Every structure is written in C-alpha cells, then in structure tokens.
Amino acid sequence: MENNNRGSDKKWSDGIPKHYDPKSISAVSFAKARARELKTIHTDMGVARPVTPVMTLQKHMRRRAMSHDIKRFPCRLRRTAEYRMQKIMADAKKKTIDKLHSRRHRRRPKNLREEFAKRQQDKAWLETHLWHAKRFKMTLLWGYRLPLHPSDKSLRAAYRSTVRHCTIQDVSFYGVVEVKGCEMEILDGLNRLTSTETGLRFGAKMYTPGQHHGDVMLYHQDRYPYGAITKVQFVWKPPAAAEPPSDGGDGSSKLMEERQLWIWVHPSAFMEALSAIRSAVNSVSIQVNDLRGELTRLRLRGPQATAVITDGLKAASMPVPKEDETHSYWWQQKIYKNPKLQNIHREHDQFWEKVTNVQSCTELPSRCVLGFTVRDPRVLLPIQRTKVETDPTQRDYSSHSRCPFPTLSQTASHIWEEDIRRDLAASMLPTHEINELRRNLLIPGSPLDLGSRESRVPVLLLQSPGVQRSTRQDGPSVGSSPLGFGSGWDVVLPKKWSPFFWMGFVYRGARAVGLKEEGNTYLHQGVPRVPEDHPDTRAGREFDETQEGDLQDAFMRRVPAKRVNHAKLGFLSPFRCPWRMLLSEWMTRVKVDVSVDDISATSSQEREDGELYVLRSKTHLRQLQVSVGISSKQERRGIRNGSKAQNGRRSKNDNPDDLKSSLEGLRSLDQRALVWVRVELLQKGTPEAFSMICLPKEADIEALRGKRPNPEPQETLKKQFRLDRNPKKKQKKLAAASGDTKGSKAKVTRLTFKERVAGAKLLELNSRTIIGFVTSGGYVLSRGKGHAVGFCCLPGLLELAEISSSYVLVRGTKSTQYRFASITVMT
C-alpha cells in the first residue's frame, strides 16, 4: 500500500519506520529522555521516614510485645517509645470517655445545655434554632445562625401562603436599643442622626403618642446625605403606661416627661448604630441600653395573619389570689391591686373580642400598636395541626361589632417594664410539668386549668400595612403585587417565650419561611432589603464583599469549560455592582465640577474621597419620578397599540416648562447619587442580580415602535478578552519568533480576571451606555413577568429623562441579549 503522507518507501513500510524495533529498547536513551519526569516523581514521593520507633529497627529485631512493653525496645529507643505510648494512651482515654457516654446520657437536659453552650461560643442561636435546624437550611450571617430556606418547599409555596393564608418568620436577630430619658433631650439628639427630607422622624406627632410604630434612616451626625448607617424601626412607650402618668399639662410639660423608646436595628449595623446613638444623646439624664437577648420578635404575613393571632392569643384573666398561695406573681402585685390598671385590662379584653371579628389586619389603622396580656400558649396548644381561617359568612356586620380604632390606653403593655420581664422568665412553669398535668386529666383533651400558676405574658403587636398602592390604578410600573400584599403583624415577646408562641402559630397553619422567602416578598413589594440594598452604608459594602468572595469561590470550583467569560460579554465586575466605577465615569462624562459652591463642605470632602450616597429625599424622588415616568395608562399601552405619539414618550399635556425646571433643580444636586428604581420586562426574560441597566438608542425605540418580530438588540462579543485555549503553545511561538530560548521553557502564568480587564472603561466597553445595575430580580408570580430592583446613577437618569423615554434595556451577566423594560423611580 502506498503512503504518500509519510515519505518514501525507504524510510517507511506500512506506516512504520524501519529503524523502529519493538523487540528491544535502549535503557540509557530511555532514561535520559525521561530524566525530568523521574526527578519529578522522586521529588513528589519524598524520602520514607520512620513514623514509630519500631520502624527504625530492622525487621528481624522487631517484636510484637513492643506495642505494650517498653523493655522490649533497645535502650536507645526506650525514652522515645515511652513518650509516644503516653500520648497514645491519653488520646485513647479521651476517645473512650466520649464513647462511654450513651445517648441517654447525652440527651439529659443538663448535658444538652452544656453542649449547646459550647456550640454557641462563636455564634448566637435564635430561641427557635432547634426547630429550624431540623427543617431548614441554616447559614451563618452577622454572627447568628439563621434559617435560609426550608428543605421541603420552594418559593412558590411560600408565595402562595403569603397571598392566601399566612407565613411566619423569626426575626429576633434584630437588636433592640432602649433610650430612656427626657423626651425633648432624646429628640434633640436623635434629630441629628436623621433628616426631614427622608420622611417622618422620631419626633413626628404620629409616632410620639405610641399608637403607631415607624421607620427612619439613620446617618452619622450632621453628615446627610452621606454617612448612612442603616434603616431602623422604632416605637414609643405610650404616656398612659409611663410611670408616673401624665398630668395633662401643656405641650412643654409633656416634652419634659420621662419617655422610653425602643429601636430595632439590623445586626449588620447594630454596633455602628448603637455608638452613633450614644454619641448623639450624650447626656447624663439619658440612658441608652442594649436589649439584645431581652426581647424576641415573630413576624406573621398574609391575609389570615389576624385569624391565626386571634386564635392563638387569648386574653388572660386575673383571678382573685387564694389565701394559701405562697408565691406572689407579677400580675397580682401590678394589676390586681391597682383599680386603674384593672379597668385598662378590661378595655383590652373588650377590644380584643372585636379584633377577632376583623377579616384582615388592613381594616385597622396603618402601623398601629396593640398591647395585651395573654395566656400561656402551651395551655392553648391544639391537639393536632389545623389551618385557622376566617369565614366571611359567619362575620357579624352590625355597627356595634366593628373594630374601633385603638385608644392610647389600649396600646399600653407591661412588656416595657424590665422587672416584669425578669419575673416572668423566673416564674415560668416548666413544660414537663404542664405535660404531666395534661396527662393526668380525667378526660383526655379537656382544657387544662392551672389557675394562678399559669403565666400571664405581656405582648406587643405591631401592624404592617403591606403594599399600599394598587397596581390596577397606578399602572404596572408602580408595583407588582395586589393592594395589601405582605400585610400582617409583628409579635414582640419577652425572652424564653418565642418557642412556645412559635409552635402555637405553626400548629394553626402558619408556614415557616426563611431569609430567602423574605427577600422574595420584598421583591414583590418593591421594598429595599437590609443591608443588601443599601450600598452607601458600611454594612452594605461588607455584605457585597462577602457575597463577591463566595460567588467567586463557587465560580472557580467549576471546571474551566463551564466558566462563563464575563469579560468577553462586557462585564467588568460580574459578582458585584461597581457603583464607584459607574459614578466616576459618569462624572467624567457629564464633566461635573467637583468644586461647585452650592455643595456643603462636608459633601465636597466626601466627593474628594470618592464616597457615594443614595438619594432618599422624597421631594427630589417625586420630581425624578415625574420626569422619567409615564403619566397615563394610554401611554403605557402605547407600545401595545402601536401609537406613534405615545410609544415610551411622555404625554403632550405635560408642561415642558415644569419638566425643564424640575430637571434643572435635579442637576443642581450632588451628582454622586444612586437612585432606587424598579424595572419590569415588557416581553420574555427574567432579570438576575448584577444585570446591567442601559440607555436605549433611537434605533431601539424605533424598532420597538415598529413591532418587529425581534426588536431587542444584541451585544457583540469582546474578542480582545478571549481566553487562549493553549497558552503554553502560544508562549513557545512568541519565544521562537523573538529568538528567546529561555522564554519557551518558562512557567506559563495565567492572568487573573482583574488583570485582564484592567484599563477597560465601563461606559465605553458596550454598545449601550450603562446607567445602573440590578441588585435583586426574578419572576414575579403576581404579574407573570420578570421584575427587578436596583440602582441607577443620577446623571444617567437625567439623560434618560432628556430623551423623553421611560424604557431601558436590561442584560444579564451570561447573555448578549438585551431586553426592553419599563423603569420606575421608587419613592
């Protein structure tokens, strides 16, 4: 057979060289050719060293008795063998002691408490940790072991419970800061940490009576809009429950009263907020206490949250103390001997009876506060798990049965008093005694009456209104969920009582959720998460750094063939939103002068340091919302109807002079600002975190207006960031071309992602100009579309307003396809 590819027949015969002889091999030439490989193998294997003294002896000198008899060793090895034997015996004794403890011994309450205390040395547990650990995926965040998501169900099941029934979450990891002192001095100090531009503050007339709870954004002293700390929730102790009670004088005398304030702070920024509050209210007469571990908080969300709470919480009675009782309880000393408090307790009972007739918590005033003293939930625990729901057909719609607004006295609760909380934890009846009494009942399943021994637990109920703007009236861009979505109650309890109330609510049909389900609910509501959606805070930056490291490690654990080349797709930071780079390039693009006179000295200094801030001024956000948003339903249907005059443009009825003056006022602000926005995809697609939000070109709007089959543009690949499949071969080729013989043998060094994208410009890399990034996104079930929330830079939104468009382009980190989306500025 001819072989045209191998050369002449003299050198080749049937494709085999004639000098090749498989029957013999030259050992010298073979070893010489593979000397480097043999050296590498010899280095990797290392030199075998004796592990035990026995191994140092020759085989004929080794004896079996050497394992327990040191005298069998030679004299020169006896000291080494004795030391090793003592160490082995100590380790064996420790292992033996551990194995001797039976399961029954380990499960004793005392030993369990000791074991749990050891496991909490470097982290804190919630009181419901043991219940969650058996049913949830747990994660370590902010110094707590927190439930991430349940092991059995998905987000769809949790969303269904939020819409139709009720969900429950333990948010006791929020720390509580207690501020006690003169009301005027407290407000003078706390007002330095807040701003009136962001909304109502601690001293608002709506909050100071204690009938409503609120939230506010904290800043470092006199540094607004920079220096953000975190968003906190607070509630005032009602004056009616304060000691001594108010004398009904003028307003100035009320401001001089001793008041008490509770502030709930996220654990990621607790110490920062606590130090800021202490420095702001630096007064001898004001006390700032850390109440972490003193209070617990359970969060119930859903239309049936009121039904679950009213069925699980029953008003406690105050019986007459018996003469033969040796123990005196707090309610006997506090309520039974005080006629005024007895009347308040009766008002609570009457009001609670009317609350049971309420179909939804939205029928009560928004953010209202209720205080009650309820029975021990262990006594009221159902025999089997049920699903409590309200029946509209059984409701009494008469005028006398309607639930009135809670009065000032009905918001009072004894949970504010430290001595009562301490006595309540000490006098709690053990659970095993209650179970023993229930077992000894003559009629199984009959109610258990403990009399005065039953604990009376003071609680505090905080109402949450949920979504307060209907999407049917304001259009799909304003929100993605129905009116009242996410409404419910927060139950504030004394320490040691949350596991019992938790079981009572779960046995009545409340579905337990974790942090993942909570984030999905916030996405449906359009509410920023803490600290993920606060990039101008220290806690937000630390969370971004931790998240970037975790995602980077997970990305590098994949095989190289399964790693996405993000630089080739135009992403310079695929696992973190590059806010500083975005604002820096936009400042250069619009040529903003950093030395303008209308900016305060503090803001100018922060601009020089490169710090950014989030625009939270209600007035400026409304102006920006009008400038960017669409004003009527007909305009929102413009793309659908194909109207040339109303396709992504503002209405002609809008006054151009007003819009122009509004834009001029926004341009006078400090431009190093991020704006909280929400995007809704017009067609298919699901946005993900770290997706880019871009400005559309005129051709993109024309393509969308013309109703083309595929009007969405597509980004080109960046070939300059293409990875070399064989970098060693390329290095040898370059070395041979340059005549460098050493360069071809040098070790190949692969460039990191940051080294490859060094010098690239964020705004110049892609064909569409980036104005922001997505922080959280997904498929919203209530709308059947992809929704996302994120931030856009203020200069980019102003440029979007100039082109009179409220549509943007969104592209994910793993795709080159842009998606059209409507954008809304959230206030």
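Let's start with a pair of strands: β4 and β5 (residues 144–150) run antiparallel and are joined by six bridges. One of the pairings to look up is L140, whose bridge partner in β5 is R145. Keep in mind as you go that this is a predicted model.

Zoom out a little and the two strands turn out to belong to an open sheet of three, ordered β3-β5-β4, with mixed pairing. The edges are taken by β3 (124–125) and β4 (136–141), and each has a single partner strand, so one side of each has no neighbour in the sheet. Helix α18 (residues 515–525) packs on this sheet, where it touches β4 and β5, and its direction makes about 65° with that of β5.

Next, hop over to strand β13 (residues 369–374). How many of its six residues are buried? Six of the six are. Both faces are covered: V369, G371 and T373 are buried on one side, while L370, F372 and V374 are buried on the other. Its partner here is β14 (residues 457–464), paired in the antiparallel sense over six bridges. V374, for instance, has V457 as its bridge partner in β14.

Now for the charged side chains. The structure holds 28 salt bridges, and a few are worth a stop. D376 and R378 meet at 2.8 Å, N to O, and both of these residues are buried.

E433 and R453 make another salt bridge, at 3.2 Å, N to O. This pair links distant parts of the chain: E433 sits in helix α15 (residues 431–439), R453 lies in the loop between α15 and β14, and they are 20 residues apart. Here the partners count as partly exposed, E433 because its relative accessibility is 29% and R453 because its value is 38%.

Stay on α15 for a salt bridge between R439 and E436, whose closest N and O atoms are 2.6 Å apart. The two are three residues apart in the helix, so about one helical turn separates them. R439 is exposed, with a relative accessible area of 59%, whereas E436 is partly exposed at 37%. Elsewhere, salt bridges form a network that links R297, R299, R301, D490 and E518.

Finish at helix α20 (residues 579–590). Its 12 residues reach 16 Å from first C-alpha to last, close to the 16 Å expected at 1.5 Å a residue. Which residues of α20 are buried? They are W579, L582, L583, E585, W586 and M587. Just after the helix comes K591, with a positive phi of about 55°.

Terms used
Residues are numbered from 1 along each chain as its sequence is written. This is a predicted model: local features need pLDDT of at least 70, side-chain atom pairs count only at pLDDT 80 or more; totals for chains, interfaces and linings use all residues. Side-chain values use heavy atoms; hydrogens and water are left out. Helices (H or I, at least four residues) and strands (E, at least two) are DSSP runs, numbered from the N terminus. The expected span of a helix is 1.5 Å times one less than its number of residues. Buried means under 20% relative accessible area, exposed over 50%, partly exposed in between (1.4 Å probe, protein chains only). Two strands pair if DSSP finds at least two bridges between them. Contact means heavy atoms within 4.5 Å. Axes are lines fitted to C-alpha atoms, for helices over the stretch in contact, and angles run from 0 to 180 degrees between N-to-C directions. A salt bridge is a side-chain nitrogen of Lys or Arg within 4 Å of a carboxyl oxygen of Asp or Glu.
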